[in-house]
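Here is a short briefing to read alongside your structure. Take a look at the fold first, and then we can walk through it together.

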Amino acid sequence: MSGSRAGFLEKARTKRVTVAVIGLGYVGLPLAVEFARAGVRVLGIDVDGKRVQAINRGESHIPDVPSRDLAPLVQAGRLSASTVYPDCAQADAMVICVPTPFTRMKAPDLSYIEAACRSLAPHVVRGALVVLQSTTYPGTTEELVRPILEAGGRRAGRDFLLAFSPERIDPGNKQFGAHNTPKVVGGIDAASGEAACALFALLVPPEQIHRVSGPKVAEMCKLLENIFRSVNIALVNELTKLCERMGIDIWEVIDAASTKPFGFMPFYPGPGVGGHCIPVDPYYLSWKAREYDFYTKFIELAAEVNSSMPFFTVNRIAEALNRRGKPLLGARILVLGAAFKRDIDDPRNAPALEVMKVLRARGAEVGYHDPHVAEVSLEAPHDTGASPAPHLRSVPLTEHTVASQDCVCLAVAHSVFDIPWLLKHSRLLMDATGVTRRFPQGHGTVIRL
Ligand SMILES: NC(=O)c1ccc[n+]([C@@H]2O[C@H](COP(=O)([O-])OP(=O)(O)OC[C@H]3O[C@@H](n4cnc5c(N)ncnc54)[C@H](O)[C@@H]3O)[C@@H](O)[C@H]2O)c1
């Protein structure tokens, strides 16, 4: 294998590697584009035929990858997509970026990784490198991926190279992308680690590649990063509830604490945490920890506090309406923002959806507007699937729509929202984002978390 390892390193150095990216979603497509831009040939694999066809026409479904960036790479033959795996036999490196959601019982759902590895296994050629990039619990690369790839008789370390490298992409982040975010890499052995470093050196400068002793450390590193955020957000959310009871403005407190130049970094309250990562990944670790008779109390506590925030937000709205002699039952409420965070189009696990569900469950008439999310499905947490989940479509944001609401709930501060205009036209504005504190108040009432 040492000959083929040297071959891989030389090919990577001279950009003669072909890279297969498995799963062309929020993570995989930007990665495929970055590799193609770096000058290597990229083959994208996805089970979604429509997605694959669109990519082959040069049309992107990911806002962070404009079609004007994708199309020239497709036209130049540097990037192509397919729904089938056999072409992976031409690839020197394969990076797996498929989803890792959880089940209804909040257990890891590794079925996508398993399916991708089963399809990939027959096409991993001698000396090729496989890198798992999906977020998962420590042990997945060695305990799950490795045996599936070895099922045909090939041996990791002897016949092919295997590593884990976490994805750190932050959708919508204009400052940090794949080209300037340091990579953490952990191979199952020295050769795998070295090859994975050489692969990612195509994207980031070598000094921004941090090699660790093995896949488990790299897998745990990603979970630490996300749990760090989850726990700190939960801390500030809990203090927000206390401050509300004590009549203290949490936003003013955070601004004040942020003046400390060391030992403090600000986290902000919100109507909950959303997305595919922070509300999901910590559960992967809690689940795995139980195998070791270990109970991850911080993770559970953070999830408990964060998942209470949509209810807290709705209670604040209900109290404010009550003060105006208006019950929540039958109140017209417009939620602004349905994505899980600012300036993105992804509504997965968005707190705004939870807020809408709770409002509807308590009898409010709920509409929403989000320029980036045309429609949403409001599946109830304990939905049996017997009846279809209610669908809502984004309503136009007009002066009449805003002025006719009993309350407008600003759940996501998309930068296109005209805050002074909203303040001017809303009778009652619940600002769950803190953004209104930078503007003079309009004629209506503003409440903040
Ligand atoms: N989205 C983020 O911001 C982010 C950030 C860091 C890490 N991650 C992690 O990256 C992984 C991927 O997340 P994502 O947001 O890109 O998911 P996604 O749902 O946007 O994309 C996944 C893609 O994989 C495809 N796919 C599913 N099964 C497949 C298979 N067997 N073979 C080939 N393709 C298959 C799907 O069709 C989809 O296009 C997850 O583990 C996630 O936790 C995501």
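How many residues surround the ligand, and which are the closest? This is a predicted model, and in it 27 residues surround the ligand. After the ligand shell, we will turn to the domains, the sheet and one exposed helix residue, Gln53.

**Around the ligand**

- The closest residues to the ligand are Gly23, Gly25, Tyr26, Val27 and Ser134.
- Helix α5, which covers residues 111–120, supplies the largest share of the shell, with 4 residues.
- By residue type, the shell around the ligand holds 15 nonpolar, 8 polar and 4 charged residues.

**Two domains and their contact**

- The protein chain is assigned domain 1 (2–215) and domain 2 (257–448).
- Between the C-alpha centres of domain 1 and domain 2 there is a distance of 34 Å.
- Where the two touch, domain 1 contributes 14 residues and domain 2 contributes 14 residues.
- On the side of domain 1 that touches domain 2, you will find 9 nonpolar residues, 4 polar ones and 1 charged.

**The open sheet**

- An open sheet is built from 8 strands with mixed pairing, and their order is β3-β2-β1-β4-β5-β6-β7-β8.
- Why is one side of β3 and of β8 left without a neighbour in the sheet? Strands β3 (79–82) and β8 (209–212) stand at the edges and have a single partner strand each, so one side of each has no neighbour there.
- On average, and ignoring direction, neighbouring strands of this sheet are turned by 25° against each other.
- Strand β7 (residues 183–187) runs parallel to β8, and 4 bridges join the two.
- Within that pairing, Lys183 has Ile209 in β8 as its bridge partner.
- Helix α8 (residues 215–246) packs on the sheet, where it touches β6 (161–164), β7 and β8. The direction of helix α8 makes about 145° with that of β7.

**A closer look at Gln53**

- Gln53 sits in helix α3, which spans residues 49–56.
- Is Gln53 buried or exposed? Gln53 counts as exposed because it has 12 C-beta neighbours inside 10 Å, and the cut-off for exposed is 12 or fewer.
- Gln53 and Ile188 are 135 residues apart along the chain, and their C-alpha atoms are separated by 35 Å.

Notes:
Residues numbered from 1 in each chain as written. Predicted model: local features only at pLDDT ≥ 70, side-chain atom pairs only at ≥ 80, totals over all residues. Near = placed C-beta within 6 Å. Nonpolar A, V, L, I, M, F, W, Y, C, P; charged D, E, K, R; others polar. Buried ≥ 20, exposed ≤ 12 C-beta atoms within 10 Å, placed from the backbone. Domains from an automatic or database assignment. Contact = placed C-beta atoms within 7 Å. Pairing = 2+ DSSP bridges. Axes fitted to C-alpha atoms, helices over the stretch in contact; angles between N-to-C directions.
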